[in-house]
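The following exercises concern the pockets, one enclosed helix, the ring contacts and the backbone of a protein model. Each task is followed by a solution in steps.

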Amino acid sequence: MDSGKQQAALIQRSDRRSAQYGIEKDQVVSRRILAPEAIAEVNRRNGDLIRVAGPLMAELYDFLSGTGYILVLTDREGCILSIMGDEEPMTAARELDMVVGAYMDERSIGTNAMGTAISEDAPAQISATEHFITAYHRWTCSAAPIHDDDGVIIGTLNLTGASSSVHPHTLGIVVAAVRSVELQLWNEKV
């Protein structure tokens, strides 16, 4: 199957799941956003992931600064652990409550790269109208799942920017960054 057909099939599967979860096309914010006191517990549970991914995200942002992108780290359930990037997309993300503690899984916000990468256990690039909810049609998002040394998903890393900036290389950057995070986590266990 060619990559266009694979992408179409991925979007169809995700859209079916989103509809089954009752996600509304006009929904604007995630159905699930943690209260501030609950965020500390999620951060504690994901301390190693945050510790290893944080410096890599900062280094990656040094290269992306000024390009209109944000980087997002989630846990295995799609809860945003960290978000950084240029001010304009950061402001737009905050307006949609895409903040630390917001869940980006398909059950909470429909088809999007982070949630779909978790559901499919595979890298995903979702752009413009491929997002289930209309509010996200402005974005292009590229995410890849992060696995522990047993192959279990422990999170995702995502790059989000304006839908007009979609490029296949963005997903490759994310996949390479995720591989670096995974290798560092795995090497620490040896």
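**Exercise 1.** Identify the residues that line the second largest pocket of this predicted model, and characterise the lining.

*Solution.* Step 1: the lining consists of Ser-3, Gln-6, Gln-7, Leu-10, Ala-122, Pro-123, Ala-124, Gln-125 and Leu-171. Step 2: assign these residues to elements; α1 (3-20) and β3 (124-127) are the elements that give two or more residues to the lining. With 4 residues, α1 gives the most. Step 3: sort the lining by chemical class, which yields 5 nonpolar, 4 polar and no charged residues. Step 4: the space in the second largest pocket comes to about 190 Å³.

**Exercise 2.** Describe the largest pocket by volume, lining and chemical class.

*Solution.* Step 1: the volume of the largest pocket is about 360 Å³. Step 2: 16 residues form its lining, and those nearest the centre are Asp-48, Asp-148, Ile-154, Leu-185 and Lys-189. Step 3: two or more lining residues come from each of α3 (47-64) and α7 (168-189). Step 4: by class, the lining of the largest pocket comprises 10 charged, 4 nonpolar and 2 polar residues. Step 5: set this beside the second largest pocket, whose lining has no charged residues.

**Exercise 3.** Determine how far helix α6 is enclosed, and what covers its buried residues.

*Solution.* Step 1: apply the cut-off for burial, which is under 20% relative accessible area. Step 2: 6 of the 8 residues of α6 are buried, and therefore the helix is largely enclosed by the rest of the structure. Step 3: the buried residues of α6 are Ala-113, Met-114, Gly-115, Thr-116, Ala-117 and Ile-118. Step 4: their cover includes the helices α1 and α5 together with the strands β1 (70-75), β3, β4 and β5 (153-162).

**Exercise 4.** Examine the surroundings of Met-114, a residue of helix α6 (residues 113-120).

*Solution.* Step 1: the relative accessible area of Met-114 is 1%, so this residue counts as buried. Step 2: set aside neighbours within four places in sequence; Met-114 is then in contact with Val-72, Thr-74, Met-98, Met-104, Ala-143, Thr-156 and Asn-158. Step 3: as a distance check, Met-114 and Leu-183 are separated by 69 residues in sequence and by 20 Å in space, C-alpha to C-alpha.

**Exercise 5.** Which charged residues lie over the rings of Phe-132 and Tyr-103, and how many aromatic pairs does the structure hold?

*Solution.* Step 1: over the ring of Phe-132 sits the charged end of Lys-25, 4.2 Å from the ring centre. Step 2: Arg-32 lies over the face of Tyr-103, with a distance of 3.9 Å to the ring centre. Step 3: the number of aromatic pairs in the structure is 0.

**Exercise 6.** Analyse the phi angles of Asp-97 and Ala-128, and state where these residues lie.

*Solution.* Step 1: recall the general expectation, namely that most residues other than glycine have a negative phi. Step 2: Asp-97 is not a glycine, yet its phi is positive, at about 55°. Asp-97 is placed in the loop between α4 (87-95) and α5 (106-109), and with a relative accessible area of 34% it is partly exposed. Step 3: Ala-128, also not a glycine, has a positive phi of about 50°. Ala-128 belongs to the loop between β3 and β4 (139-147); its relative accessible area is 23%, so Ala-128 is partly exposed.

Definitions and conventions
Residues numbered from 1 in each chain as written. Predicted model: local features only at pLDDT ≥ 70, side-chain atom pairs only at ≥ 80, totals over all residues. Heavy atoms only, no water. 1 Å grid on protein atoms, 1.4 Å probe; cavity = no way out; pocket = protein on both sides within 12 Å on 5 of 7 lines; lining within 4 Å. Points joined across faces, edges and corners; volume = space filled by probe spheres on them. Nonpolar A, V, L, I, M, F, W, Y, C, P; charged D, E, K, R; others polar. Buried < 20%, exposed > 50% of the residue type's maximum accessible area, 1.4 Å probe, protein only. Contact = heavy atoms within 4.5 Å. Phe/Tyr/Trp six-rings, centres within 6.5 Å; stacked < 30°, edge-to-face > 60°. Lys NZ or Arg CZ within 6 Å of the ring centre and 35° of its normal.
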